[in-house]
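Me: I should like to understand how terms in a structural description are justified. May I put some questions about the structure shown here?

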Amino acid sequence: MNENNLVSIITPSYNCKRYIQDTIESVIHQTYKNWELIIVDDCSSDNTCEIIEKYAYDDKRIRLIKSKQNSGAAISRNIALSNAKGRFIAYLDADDLWYPQKLEIQINFMLRNNYGFSCASYEVIDNEGKPKGKNVYMIKKVDYRGFLTNNLLQTVGIMIDTKIVDRKFLIMPNMLRRQDAATWLQILKAGNECYGLNEILAKYRRTEGSLSSDKKKAIKGVWYLYRDIEHLSLPFSCYCFIRYAFLALWKRIYVRKNVKER
């Protein structure tokens with residue numbers, strides 16, 4: 001392993017005092033040590049920043065950037081990206097977690113195969129950090145059209161090699177929802193493919209009342225992504241949406257069936 005391969009970890013934070021300590025600890029305990037953690041706080045009103053500052057004082061690899069005004073996750077991630085020094089870019093939201101070997105395994109996977117874009121498999125946890133009985137395994141490879149109908153990629157598992165993927169494609173559009181999905185589509189549309197790691201390396205927290213847990217808003221977000229961001233035709237948007245809904249339903253039934261059979 002070439003220790004010059006710095007990983008810049010991008011973390012937006014907002015009123016996350018309940019989770020931020022565990023998130024930072026999951027980075028500190030990585031077996032791969034050549035990283036920097038850039039946390040951009042979006043004007044938290046709780047003591048999130050105080051917790052981050054304590055860690056930043058003890059570990060100079062951790063940097064806190066305080067936004068001057070509340071702007072949302074997309075802008076926060078873009079600020080972090082503009083301050084990132086690493087060859088590799090990884091994403092970790094302030095309430096998610098990584099297993100200790102996540103960075104080491106994923107970097108080796110990408111370097112060994114000369115991949116520019118990859119996503120690790122992950123498990124879903126609840127507010128308390130307990131497993132919800134759902135593990136999401138990545139498919140081997142996904143391209144632009146494939147991602148439109150099978151939205152498996154999750155921010156907590158994403159890693160990008162900027163020697164292969166131009167950093168300009170990592171700039172997120174300023175959207176309230178699905179700005180991460182829109183970014184992965186930018187990368188895929190440019191001709192890159194995302195390669196999946198069939199190993200659970202991360203924990204994605206699905207909290208009650210979060211944007212991602214609101215099904216009606218999620219559906220509207222998918223349609224908005226198709227029509228207003230990707231500018232897909234109406235017939236193709238309908239096709240993608242039907243396949244997306246079918247696959248989402250199939251995965252839900254499949255997971256529930258497996259959980260009951262355990």
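Reply: Please begin with Asn 114, which is placed in the loop between helix 4 (102-113) and strand 6. Please also keep in mind that this is a predicted model.

Me: Why is Asn 114 called exposed?

Reply: Asn 114 has a relative accessible area of 60%. The term exposed requires a value over 50%, so Asn 114 is exposed.

Me: What makes the phi of Asn 114 worth mentioning?

Reply: Most residues other than glycine have a negative phi. The phi of Asn 114 is near 60°, a positive value in a residue other than glycine. Cys 43 also has a positive phi, near 65°.

Me: Where is Cys 43, and why does it count as partly exposed?

Reply: Cys 43 is found in the loop between strand 2 (35-41) and helix 2 (48-58). Its relative accessibility is 29%; a residue is buried under 20% and exposed over 50%, with partly exposed in between. Cys 43 therefore counts as partly exposed.

Me: Why is the pair of Phe 109 and Tyr 115 called edge-to-face?

Reply: By the rule for ring pairs, the count comes to 5 aromatic pairs. In the pair of Phe 109 and Tyr 115, the ring centres are 5.2 Å apart and the planes stand at 65°. Centres must lie within 6.5 Å, and planes over 60 degrees apart count as edge-to-face. Both conditions are met, so the pair is edge-to-face.

Me: How do you know whether Phe 109 and Tyr 115 are buried or exposed?

Reply: The limit for buried is under 20%. Phe 109 has a relative accessible area of 12%, and Tyr 115 has a relative accessibility of 19%. Each value is under the limit, so Phe 109 and Tyr 115 count as buried.

Me: What makes the pair of Phe 117 and Trp 184 tilted?

Reply: The centres of these rings are 6.3 Å apart, and their planes are at 50°. This angle is neither under 30 degrees, as stacked requires, nor over 60, as edge-to-face requires. The pair is therefore tilted. Phe 117 belongs to strand 6 (residues 117-125) and Trp 184 to helix 6 (residues 179-189), so that the pair links distant parts of the chain, 67 residues apart. Both Phe 117 and Trp 184 are buried, and ring pairs link them with Tyr 91 into a cluster.

Me: How do you know that strand 6 pairs with strand 9, strand 10 and strand 7?

Reply: Pairing requires at least two bridges. Strand 6 has 3 bridges to strand 9 (residues 158-161), running antiparallel, and 8 bridges to strand 10 (residues 194-205), running parallel. To strand 7 (residues 131-136) it has 4 bridges, running antiparallel. Val 124 has the bridge partner Tyr 204 in strand 10 and Lys 134 in strand 7, while Ser 118 stands opposite Met 159 in strand 9.

Me: What makes strand 6 mostly covered?

Reply: Of its 9 residues, 9 are buried.

Me: Which residues have the most contacts inside the largest nonpolar core?

Reply: They are Leu 153 and Trp 184, in a core of 73 residues. Leaving aside neighbours within four places in sequence, Leu 153 is in contact with residues including Phe 117, Cys 119, Met 138 and Trp 184.

How values were computed:
Residues numbered from 1 in each chain as written. Predicted model: local features only at pLDDT ≥ 70, side-chain atom pairs only at ≥ 80, totals over all residues. Heavy atoms only, no water. Phe/Tyr/Trp six-rings, centres within 6.5 Å; stacked < 30°, edge-to-face > 60°. Buried < 20%, exposed > 50% of the residue type's maximum accessible area, 1.4 Å probe, protein only. Helix = DSSP H or I, 4+ residues; strand = E, 2+ residues; numbered from the N terminus. Core = buried A, V, L, I, M, F, W, Y, C linked by side-chain atoms within 4.5 Å. Contact = heavy atoms within 4.5 Å.
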